[in-house]
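Okay, thanks everyone, I'll keep this short. Have a look at the model on the screen, and then I'll walk you through it.

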Amino acid sequence: MLLFNRIPMPVAVCDASGAIILANPAMTAEWGETSGSLRGRNVLELFRPEEKTQVLRIAEALRLRHRSRYPVAVHWQAPDGVRRHGELTAEPVSDTVDEVPGLLVLLRVLGEDPAPAETPAAAAASPAEARILALLAGGASTAGAARETGLTPDGVTYHLRRLTERWGAANRTELVARAYVLGVLTPGVWPPAV
């Protein structure tokens with residue numbers, strides 16, 4: 001434990017969902033917090049991935065029990081108001097191969113960003129597209145989404161096809177998953193909301 005606390009690089013140990021179990025003083029200092037105050041917070045609440053698809057890739061690799069290091073380009077707002085960027089590396093760790101791995105998370109701070117990056121237009125969804133995605137996430141069929149939005153079923157299909165092309169999604173399930181990752185849909189809310 002002494003060695004963990006003396007590592008100058010910000011380091012945290014998280015469960016498989018990203019909830020922080022333990023963070024070293026360098027990690028807590030990055031947030032202007034005291035020891036133990038980050039416990040239970042999700043690492044993705046603290047650090048925002050530059051490319052949301054990187055998180056999906058890591059989640060899939062963990063599901064398949066792959067063991068590797070997974071770097072993710074991130075940015076965050078420091079307590080002093082400065083926007084920083086860096087690389088978060090997640091490495092699955094466990095005592096046995098069959099055990100659900102935890103994550104050893106290391107942060108390499110690369111510097112300060114002069115201004116927040118704009119959300120790419122490709123990640124955005126129109127209000128109609130976002131409403132359709134929320135309805136699909138709640139289990140609505142194409143016809144049901146059409147009734148709720150006042151569109152025809154062909155109109156709903158048109159919006160879904162445009163999103164599928166824009167986001168490079170393989171199917172509707174992936175569209176809904178990406179909507180959550182990109183922040184179009186609000187996580188942890190039922191029924192699904194924009």
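So, starting from the outside: the chain exposes about 11000 Å², and carbon and sulfur atoms supply 57% of that. Keep in mind that this is a predicted model. As for the inside, buried residues make up 37% of the 194 residues in the chain. And if you take contacts between residues at least 6 apart in sequence, 47% of them join residues at least 24 apart.

Now the parts list. You've got eight helices and six strands in the chain. Reading along the sequence, the pattern goes α-β-β-α-α-β-α-β-β-β-α-α-α-α.

Let's do the sheet. What order do the six strands take? It's β2-β1-β6-β5-β4-β3, in an open sheet with antiparallel pairing. The edge strands are β2 and β3, with β3 at residues 48-49, and each of those pairs on one side only. As a general reminder, strands of a sheet pair through backbone hydrogen bonds, either parallel or antiparallel.

Let me zoom in on β1, residues 11-14. On one side, four bridges join β1 to β6, residues 102-113, and the two run antiparallel. On the other side, three bridges join β1 to β2, residues 20-23, again antiparallel. A12 is a handy residue to click on here. Its bridge partner in β6 is V105, and in β2 its bridge partner is A23. A bit further along β1, C14 stands opposite I20 in β2.

β1 and β2 also form a hairpin, with five residues between them. If you look in that turn, G18 has a positive phi of about 100°.

Over at the β3 edge, two bridges join β3 to β4, residues 70-77, and those strands run antiparallel. The pair to look for there is R48 with its bridge partner in β4, H75.

Next, one residue just ahead of the sheet: M9. Where does M9 sit? In the loop between α1, which is residues 2-6, and β1. Is M9 buried, exposed or in between? It counts as partly exposed, because its relative accessible area is 31%, and partly exposed covers the range between 20% and 50%. Leaving out residues up to four places away in sequence, M9 touches N24, A26, L106, L107 and R108. Take L106 from that list: M9 and L106 are 97 residues apart along the chain, yet their C-alpha atoms are separated by 7.2 Å.

Last stop, the helices α7, residues 153-167, and α8, residues 172-181. Their axes come within 10 Å and cross at roughly 70°. That makes α7 roughly perpendicular to α8, because angles from 65 to 115 degrees count that way. The crossing is left-handed. Who makes the contact? From α7 it's T157, L160, L163, T164 and W167, and from α8 it's R172, L175, R178 and A179.

So if you open the model yourselves, try A12 with its partners V105 and A23, then M9 next to L106 at 7.2 Å between C-alphas, and finish on the α7 and α8 crossing. That's me done, thanks.

Terms used
Residues are numbered from 1 along each chain as its sequence is written. This is a predicted model: local features need pLDDT of at least 70, side-chain atom pairs count only at pLDDT 80 or more; totals for chains, interfaces and linings use all residues. Side-chain values use heavy atoms; hydrogens and water are left out. Two strands pair if DSSP finds at least two bridges between them. Buried means under 20% relative accessible area, exposed over 50%, partly exposed in between (1.4 Å probe, protein chains only). Contact means heavy atoms within 4.5 Å. Accessible areas come from the Shrake-Rupley method with a 1.4 Å probe; for residues, only the protein chains shown count as cover. Axes are lines fitted to C-alpha atoms, for helices over the stretch in contact, and angles run from 0 to 180 degrees between N-to-C directions. Angles under 35 degrees count as roughly parallel, over 145 as roughly antiparallel, 65 to 115 as roughly perpendicular and the rest as oblique. A crossing is left-handed if the near helix is turned anticlockwise from the far one by less than a right angle, and right-handed if clockwise.
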